[in-house]
Structures are given as structure tokens and as C-alpha cells.
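Welcome! Here is a short tour for anyone meeting this structure for the first time. Take a look at it below, and then we will start from a single residue and work outwards.

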Amino acid sequence: MKCKTCGKSLSKKLHFNREYCDECQKRARKGYYFPKMITPELEKKLLRHMGKLNRKQLSERFKISIPTLTRWSRYRGYTLAQQRYSKKLIKEVISYYIKHGKIKTQKRYPEVKLRSIIEKHNKGVCPRQKRWTDSQIFEAVRMAGIVTLKKQAEYFNRPHAHAGSITSLWNKRFNAKGSYINGLPKAAIRGCVTWDMPYYKVKFGKGVKHSGYCMAFWKDIEKHLKPSVSDVIRRGVSAMARFSEYLHGKENTVKNIIELIEEREHEKPKRFSDKERDNRYNKSKQNI
Ligand SMILES: [Zn+2]
């Protein structure tokens, strides 16, 4: 017994009615089977016209339905896409693009759609954007939520990449928002910490009326947690504090964070606590 499509001899363990080998059966179940109506002669003709005509033209010319054509191409591993440009032209355009850039290339080849050539036929040779390196990703995590996106993009200085590239790094690579990696905003943590908890005014964050928010860093939160706080929160906070030790160094963690902000943002973040604010308020009351 032999397989009907590939011609391999079938093992005797299989059912006596079996027509296909395991691989061919799997492919057939997925829709990968060879259409019977395509004879070897027809296949030769199809190969000659493939790429020059599109699907519809091929099916009209040889009187085969489009699904049959797709099935055949999928089985053989071909693409039915029409090739707009000759291989010679594509090579020319890409080599010119690498030397002279986008604007000059478009001027020289005005009839060509440049973007389709660069993205489709130029995989990995001269990409439009560079890949993030490991050390860059580490720096991005260190700056997450405390340095503005614009300043982060300026620091990395990647070609054709601005503030939006940082957001897309978080969306695509990490699949998360990085705002709370280094700490929590005051509004979120205020109930769990004592009054002498230090906050820092950070510029990160979008807002029409205000720019940035008051940030509490994880290492500080761990020290200033109220005794009544539940164990679950305590464990979570200490895990984040260990992570921020990993990011910014085990000793002087908060000091290092502030130095980082000062270096990248060119401005020292303001420090304050609710206790100081209350003292000031009480003093002003006494004066009256
Ligand atoms: Zn087979």
C-alpha cells in the first residue's frame, strides 16, 4: 500500500482502508490537499503565468475556480500574489535606498511605490526602525513612569523614533503599562502609609491642567507602611521594593532614582510630605 499523494509506502500497523500517510492526512484535514483537476500539463502552464497575472485573471484564463487555485498554491507552497515590479528593478531601488534614503529614491523612481518595496522585499537588510537592544530595554524600565516620554526618546536617540516609540515598546514588547514600576501615585497609596511619607513631584504623565503627579517610590512605601496594613499588601510592596533594588542598586535606591531623574530630565524633582504640609498649615493658622 502506498500513500495517494506523496507515494510513501504505508506501514502495516495502519487500518487496511487507509489511503494517505499520517503527514498527508494532517495536511488534508487542514485544507492542504492537491486538487485532482490540476494535471501536470496545466501545472506547467500555471507556473509560467504565475506572478504576471492575478488570481482572477488566472482563473478566467485556465477555467479553474479561485478556491482550487488557492488550494493548489497552498499545497505547493507558492504565493499567487501578483508581482508588480521585476526583480531587477527591486534590487536597483533597494540598493539606491540604502545609499541615498527615502526622499531621493522616490524622486528618482516616481512610478514606484517605495514603501511596499522596502517593507516587502527588504526584510532585515535595511529596516525602517532598529531593534531595541537588551541594555536599552533595561534603561527603559528604569525610566518608566518617572521620566517624560519625550526626554526618554531624546536619551535613546534612535533613528526615526520619537516619544511614541516608547509607548509602542511597552505595548508590544511588555504588553503592559510601565507607569507603576518605580512607585505609586500619592492618591493610590495615601491610605496605607504614615504621614511622614516622602513624595516626589514627577513630570511623567499626560494631563491638560496639570503635568505629572506626586510619586511615592516603592522603597519608601515599604518603610512607611502603617502597622494596620494587611499582609497581602505588605508582601506585594516588598516584592516591588526588591525589584527596584535590582533596577537602581541595593544601597541608596531612592537617592539613585532621584539622581537618574535629575540627569535625564535636567531638573530635580520636588520633595514633600503630608506632615510638612500640615505643619506649614498650622503655622499659618497661628499667625492669624
Ligand atoms: Zn503521503
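Let's begin at Met 215: apart from its neighbours within four places in sequence, Met 215 is in contact with Ile 146, Gly 183, Pro 185, Tyr 199, Tyr 200 and Val 202. Please keep in mind that this is a predicted model. From Met 215 we can move to the strands, then the core, and finally the whole chain.

**Strands around Met 215**
- Met 215 belongs to β3, where it stands opposite Tyr 200.
- Strand β2 (residues 198-202) and strand β3 (residues 213-217) are paired in the antiparallel sense, with three bridges between them.
- β2 also has an antiparallel partner in strand β4 (residues 271-273), again joined by three bridges.
- In that second pairing, Tyr 199 stands opposite Phe 272 in β4.

**The nonpolar core**
- Met 215 turns up again in the largest nonpolar core, a set of 25 residues.
- Along with Ile 146, Val 202, Ala 216 and Ile 221, Met 215 is one of the residues with the most contacts inside this core.
- Two or more residues each come from α8 (134-143), α10 (163-174), β2, β3, α12 (218-224) and α14 (253-265).
- β3 gives the largest share, with four residues.

**A helix in the open**
- Helix α2 (residues 40-49) lies largely in the open, because just one of its 10 residues is buried.
- After α2 comes Gly 51, which has a positive phi, near 95 degrees.

**The whole chain**
- The protein chain holds 15 helices and four strands.
- With a radius of gyration of 32 Å, well over the 19 Å that the globule rule gives for 288 residues, the chain is more spread out than a compact globule.
- Along the principal axes, its C-alpha atoms fill a box of roughly 100 × 60 × 35 Å.
- Of the 288 residues, 16% count as buried.
- Among contacts between residues at least 6 apart in sequence, 56% join residues at least 24 apart.

**Domains**
- The domain assignment gives domain 1 (22-76), domain 2 (87-121) and domain 3 (178-287).
- The C-alpha centres of domain 2 and domain 3 are 51 Å apart.

**Confidence**
- The protein chain has a mean pLDDT of 87, and 95% of its residues reach 70 or more.
- Among its elements, helix α13 (residues 231-248) has the highest mean pLDDT, 94, and helix α7 (residues 114-121) the lowest, 80.

How values were computed
Residues are numbered from 1 along each chain as its sequence is written. This is a predicted model: local features need pLDDT of at least 70, side-chain atom pairs count only at pLDDT 80 or more; totals for chains, interfaces and linings use all residues. Two strands pair if DSSP finds at least two bridges between them. A residue is buried if 20 or more other C-beta atoms lie within 10 Å of its own, exposed if 12 or fewer, and partly exposed in between; C-beta atoms are placed from the backbone. pLDDT is the predictor's confidence in each residue, from 0 to 100. Domain bounds come from an automatic or database domain assignment. The radius of gyration is taken over C-alpha atoms; the globule rule is 2.2 Å times the number of residues to the power 0.38. Two residues are in contact if their C-beta atoms, placed from the backbone, lie within 7 Å. A nonpolar core is a set of buried Ala, Val, Leu, Ile, Met, Phe, Trp, Tyr and Cys residues joined through C-beta atoms within 7 Å.
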